[in-house]
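Colleague: I'm new to reading structures, so could you walk me through this one?

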Amino acid sequence: MITCYLKYVIDPYQVKEFEQYAKMWIPLVNKLGGTHHGYFLPHEGANNIAYALFSFPSLADYERYRQEMEVDEECQQAFEFANKNKCIISYERSFMRPVFE
């Protein structure tokens with residue numbers, strides 16, 4: 001299993017828009033073969049940092065997801081939403097191997 005860890009720098013004045021974007025992606029990742037573990041929005045501390053975690057059975061499955069998302073209409077609508085309202089300033093993507101036991 002591989003877990004994608006995303007750290008976002010978001011516009012602190014557009015947290016509601018980012019939350020709407022996040023809610024778009026959770027079912028899309030699940031639809032395309034992943035398991036979404038949620039988005040984590042600012043509460044205390046930094047007001048412009050958010051995180052997301054989602055897993056795939058393998059890196060190959062994640063790569064398939066990336067290919068499918070490029071042609072999926074709902075995924076493209078989610079990207080367009082973020083680009084239109086500029087709620088995301090930047091992001092970092094890392095891959096982790098989870099340990100559960």
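Modeller: Sure, starting with the ground rules. This is a predicted model, where local features need pLDDT of at least 70, side-chain atom pairs count only at pLDDT 80 or more, and totals for chains, interfaces and linings use all residues. Residues are numbered from 1 along each chain as its sequence is written, and side-chain values use heavy atoms, with hydrogens and water left out.

Colleague: Okay! In what order do the helices and strands of the protein run from the N terminus on?

Modeller: Helices (H or I, at least four residues) and strands (E, at least two) are DSSP runs, numbered from the N terminus. The protein has 3 helices and 4 strands. Reading from the N terminus, the order is β-α-β-β-α-α-β.

Colleague: What radius of gyration does the protein have, and why does it agree with a compact globule?

Modeller: The radius of gyration is taken over C-alpha atoms, and the globule rule is 2.2 Å times the number of residues to the power 0.38. The C-alpha atoms fill a box of roughly 35 × 35 × 20 Å along the principal axes. For 101 residues a compact globule would come out near 13 Å, which agrees with the protein's 14 Å.

Colleague: Among contacts between residues at least 6 apart in sequence, what share joins residues at least 24 apart?

Modeller: A contact here means heavy atoms within 4.5 Å. Take the contacts between residues at least 6 apart in sequence: the share that joins residues at least 24 apart is 71%.

Colleague: Now the cysteines. Why is there no bond between the sulfur of Cys-4 and the closest cysteine sulfur?

Modeller: A disulfide is a covalent bond between the sulfur atoms of two cysteines. The cut-off used is a pair of cysteine sulfur atoms within 2.5 Å, and a search of the whole structure finds 0 disulfides. For Cys-4, the closest cysteine sulfur is in Cys-75, too far for a bond at 14 Å.

Colleague: Is Cys-75 buried or exposed?

Modeller: Let's set the scale: buried means under 20% relative accessible area, exposed over 50%, and partly exposed in between (1.4 Å probe, protein chains only). Cys-4 sits at 2%, so Cys-4 counts as buried. Cys-75 has a relative accessible area of 0%, so the word for Cys-75 is buried.

Colleague: Which residues does Leu-32 touch, not counting those up to four places away in sequence?

Modeller: Leu-32 lies in the loop between helix H1 (15-31) and strand E2 (35-40). With 13% relative accessibility, Leu-32 counts as buried. Its C-alpha is separated by 8.6 Å from that of Arg-64, 32 residues apart along the chain. Leaving out residues up to four places away, Leu-32 touches Phe-56, Tyr-65, Glu-68, Met-69, Asp-72 and Cys-75.

Colleague: What is the phi of Lys-86, roughly?

Modeller: Most residues other than glycine have a negative phi. Lys-86 lies in the loop between helix H3 (73-85) and strand E4 (88-96), and counts as exposed because its relative accessibility is 57%. Although Lys-86 is not a glycine, its phi is positive, at about 55 degrees.

Colleague: And which residues are in contact with Asp-11, leaving aside neighbours within four places in sequence?

Modeller: Asp-11 lies in the loop between strand E1 (2-10) and H1. It has a relative accessible area of 18%, so Asp-11 is buried. Leaving aside those neighbours in sequence, the residues in contact with Asp-11 are Lys-86, Cys-87 and Ile-89.
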